[in-house]
Amino acid sequence: MDKDIIDQIIDKHNCEPSYLIQVLLDIQAENNWLPREALERVAERLQVPMTRIQHIATFYKAFSLVPKGRHQIHICVGTACHVRGASRVLDTVQGLTGIEPGETDLDLKFSLETVNCLGCCALGPVVDIDGKTHGKMAPAKTADVLKNYD
Amino acid sequence: MPRINSPAELEAFRRNLLSERDPNKTCITLCSGSACHASGSREVAASIQEEIQKHGLNAEVEFRRTGCHGFCERGPIIVIRPEEICYFQIKPEDVPEIVSETIKEKKVIERLLYTDPATNEKIVHESDIPFYKNQGRIVFGSNVSVDPKNIDDYLAICGYSALAKVLSGMTPDQVLQEVKKANLRGRGGGGFPAGTKWEGSRNAPGDVKYVIVNADEGDPGAYMDRSLLEGNPHSVLEGLTIGAYAIGSHEGYIYVRQEYPLAVENVNIAIQQAEEFGLLGKNILGSGFDFIVKVHRGAGAFVCGESTALMTALEGRAGEPRPKYVRSNVVGLWGRPSVLNNVETWANVPLIINNGADWFTQFGTDTSKGTKIFSLVGKITNTGLVEVPMGTPLRDIIYKIGGGIPGGKKFKAVQTGGPSGGCLPEELLDLPVGFDELTKAGSMMGSGGMIIMDEDTCMVDIARYFLEFLTEESCGKCVPCREGMRQMLKILTNITKGKGKDGDIELLELLSETAIEAALCALGKSSPNPFLSTLQHFREEYEAHIKEKRCPALSCKELISYYIDPDKCQACMNCLRKCPSEAITGGKRQIHVIDQEKCTKCGTCFEVCPSRFAAAKKISGEPVPPPIPEEARTIVRKSKEK
């Protein structure tokens with residue numbers, strides 16, 4: 001990741017250590033994951049120990065310390081989706097992609113995550129792929145939707 | 001825009017704004033909350049703009065993108081004022097007709113109207129629809145008339161007049177007393193009286209104090225805070241500023257989940273606009289009172305909804321709670337007195353100031369005043385956000401507003417209070433909603449998630465589901481929560497897999513007791529609630545799983561099998577074609593049979609089997625009948641129908 005971009009992000013937050021999480025969120029948004037050299041740069045400029053950065057990067061769900069795939073699949077397993085059969089959708093996606101939640105496949109095609117509520121419960125079960133919401137999912141429909149991504 | 005320097009100038013600005021706005025001008029409002037975005041409101045918006053342009057109606061028609069209207073089931077929603085014509089589930093291709101028929105010709109398009117399922121009548125006006133008619137929307141109601149990105153809309157509906165009233169004619173103590181008198185209790189879950197919390201901070205020593213908005217709405221199936229913050233951010237900012245004035249704070253924080261990008265965007269715009277108008281920042285409305293607000297995004301940790309954990313996260317550290325020997329309103333963020341309230345609580349404050357505590361306390365029960373917004377989701381006909389006066393019976397919310405259970409299924413339970421709440425059965429449906437009423441019944445108010453479950457929902461699985469959620473979200477600091485919950489989850493998972501044994505229930509009860517007594521924060525202390533409440537009301541389901549290895553709701557995957565009834569199968573090939581694991585054998589006029597070895601129990605065959613045949617079945621607690629011999633599988637039809 002470009003050092004200048006990291007510095008811009010840090011400067012945007014006035015190099016303020018209490019904005020550490022906000023800085024990491026911006027880097028995550030920019031780069032999709034947090035490479036080690038980016039974290040080292042943050043530690044150096046914000047003057048916070050690397051251990052604390054790693055504590056945060058592993059504590060909060062928004063951060064990834066490994067590269068992500070081209071397509072991000074987020075399966076909502078919020079309660080509303082759960083009672084409408086989200087686990088069957090999740091099973092289908094796991095079966096088709098061969099990865100578990102939190103993993104990325106070897107071709108870097110898909111990354112799979114479960115999320116707790118996307119807040120569009122009327123459409124449940126919901127699957128979000130690259131920011132596009134697919135509502136009222138069922139196992140067979142899931143298979144059809146996934147075919148559209150390469 | 002010039003700064004507004006006094007309450008009189010604010011009033012003059014509002015009058016001027018209203019005089020420029022023609023109440024009879026046609027205005028198309030489109031619900032543009034996150035839920036409607038998901039159902040395509042962005043595309044509809046583009047289409048409306050295009051059509052207005054095409055017909056040269058720019059001067060005559062106003063188009064306003066508002067926040068969530070609440071009726072998410074039927075989104076995207078269009079309301080055309082002043083006639084208040086309401087159209088549902090709009091697709092971009094409907095827009096040309098709406099503009100040419102309704103806007104230009106003033107004709108109502110029947111097919112886009114709401115049909116009352118009870119009477120089959122078409123309803124034109126939003127306020128006549130049962131979903132809206134039976135609510136009391138004092139907080140959420142403004143959403144439908146406000147474009148959250150435009151402060152003028154909020155000012156036009158008397159926005160910031162409560163702040164003006166406070167700064168020009170009330171002492172901080174008077175504000176405090178009014179909020180105390182209104183008995184405003186925290187809408188985030190705890191139900192702690194806001195006035196008492198504020199008073200504690202006001203009286204705490206120190207010059208630097210903070211006010212915080214908790215918008216880290218993490219309960220799965222609850223999204224009312226998001227809709228309020230993204231739909232009417234100024235109401236939250238106004239409440240927060242009033243609170244800051246009351247306790248003597250000059251700096252506020254809004255902690256909002258990064259998963260709510262629209263809320264983050266809208267609240268940042270709102271802060272910027274309020275600062276330009278002199279409604280935030282230095283010398284607000286010329287009163288000499290200074291107050292700034294900063295937005296922090298939460299990075300995804302459920303426990304950060306807990307007050308002390310949230311404050312730790314605001315400090316830029318991992319959000320772990322701390323014991324509350326000293327409350328955070330005395331020693332909170334950076335060791336300073338800090339008042340933290342939920343989005344909805346703050347949004348109630350301007351209403352109390354404007355209308356008085358006596359007005360506010362006319363709604364509600366003895367101990368719970370005002371209204372509450374619930375996120376009504378799950379197996380319910382009208383999914384959406386509903387605001388009702390406290391004390392409304394659950395039955396009214398579920399049936400009068402929610403329209404009951406879809407698909408002719410039977411109601412089983414309503415789950416309130418998020419992961420730490422509980423499930424209430426049919427017998428308790430006449431319970432009035434209120435903080436103490438729900439707690440007494442073994443559940444809790446929580447932040448307002450209300451998940452409806454029908455006969456197909458397994459209550460053991462629901463307990464397991466919430467325990468799994470909480471286990472994952474446990475920060476790991478204290479043992480009863482970290483280890484106790486993990487053991488509880490293991491036992492519950494075993495039960496749902498048919499590996500339950502005698503004594504499991506008792507062991508679960510023991511672990512629950514320990515967590516309630518010894519866990520550090522509310523997350524751990526309340527973690528056994530889902531188990532305890534389902535056990536209390538649905539014990540027979542636990543026993544069926546453990547003793548008979550049977551799931552009465554036919555939901556637990558390990559305990560059910562799919563089976564095609566050879567007497568009913570008409571060999572229509574539907575299930576055979578759709579089965580994702582190719583587990584079904586058969587053919588034209590060949591009765592279909594599921595290969596139990598290959599079957600992944602996804603349920604597709606059950607869903608696609610035509611209801612007139614109803615051959616695919618779910619069974620539990622009994623062995624799958626052996627497949628009929630191949631020679632008996634051919635169907636001989638007497639008369640060829642097709």
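**Getting to know a predicted two-chain model**

Q: How many residues of chain B are in contact with chain A?
A: In this predicted model, the two chains meet along a shared face. On the chain A side, 36 residues take part. Their partners in chain B number 42.

Q: Which elements of chain B give two or more residues to the side that touches chain A?
A: Both helices and strands contribute here. The strands are strand 9 (292-298), strand 11 (371-378) and strand 15 (449-454) of chain B. The helices are helix 2 (34-38), helix 18 and helix 24 (604-608) of chain B.

Q: How many residues on that side of chain B are charged?
A: Sorted by class, the side of chain B that touches chain A has 18 polar and 17 nonpolar residues. The charged ones number 7.

Q: Which residues touch the most other members of the largest nonpolar core?
A: This core holds 216 residues. Its largest share, 9 residues, comes from helix 18 (residues 459-473) of chain B. The residues that touch the most other members are A:Leu24 and B:Tyr255.

Q: How far apart are the C-alpha centres of the domains of chain A?
A: Chain A is divided into domain 1, covering 3-59, and domain 2, covering 71-146. Between the C-alpha centres of domain 1 and domain 2 of chain A, the distance is 29 Å.

Q: Why is one side of strand 12 and of strand 14 of chain B left without a neighbour in the sheet?
A: Start with the strand order, 12-11-15-13-14, in an open sheet of chain B with mixed pairing. Strand 12 (384-389) and strand 14 (422-425) of chain B stand at its edges, so each has a single partner strand.

Q: Which residue in strand 14 of chain B stands opposite B:Val414?
A: Strand 13 (residues 411-416) and strand 14 of chain B run antiparallel, joined by 4 bridges. Opposite B:Val414 stands B:Leu424.

Q: At about what angle does helix 16 of chain B run to strand 12 of chain B?
A: Helix 16 (residues 394-401) of chain B lies across strand 11, strand 12, strand 13 and strand 15 of chain B. To strand 12 of chain B, helix 16 runs at about 135°.

Q: Is B:Asn232 buried or exposed?
A: B:Asn232 is found in the loop between helix 10 (224-231) and helix 11 (233-247) of chain B. Beyond its neighbours within four places in sequence, B:Asn232 is in contact with residues including B:Gly67 and B:Pro148. Because B:Asn232 has 30 C-beta neighbours inside 10 Å, it counts as buried.

Methods. Residues numbered from 1 in each chain as written. Chains lettered and ligands numbered in written order. Predicted model: local features only at pLDDT ≥ 70, side-chain atom pairs only at ≥ 80, totals over all residues. Core = buried A, V, L, I, M, F, W, Y, C linked by C-beta atoms within 7 Å. Buried ≥ 20, exposed ≤ 12 C-beta atoms within 10 Å, placed from the backbone. Contact = placed C-beta atoms within 7 Å. Nonpolar A, V, L, I, M, F, W, Y, C, P; charged D, E, K, R; others polar. Domains from an automatic or database assignment. Pairing = 2+ DSSP bridges. Axes fitted to C-alpha atoms, helices over the stretch in contact; angles between N-to-C directions.
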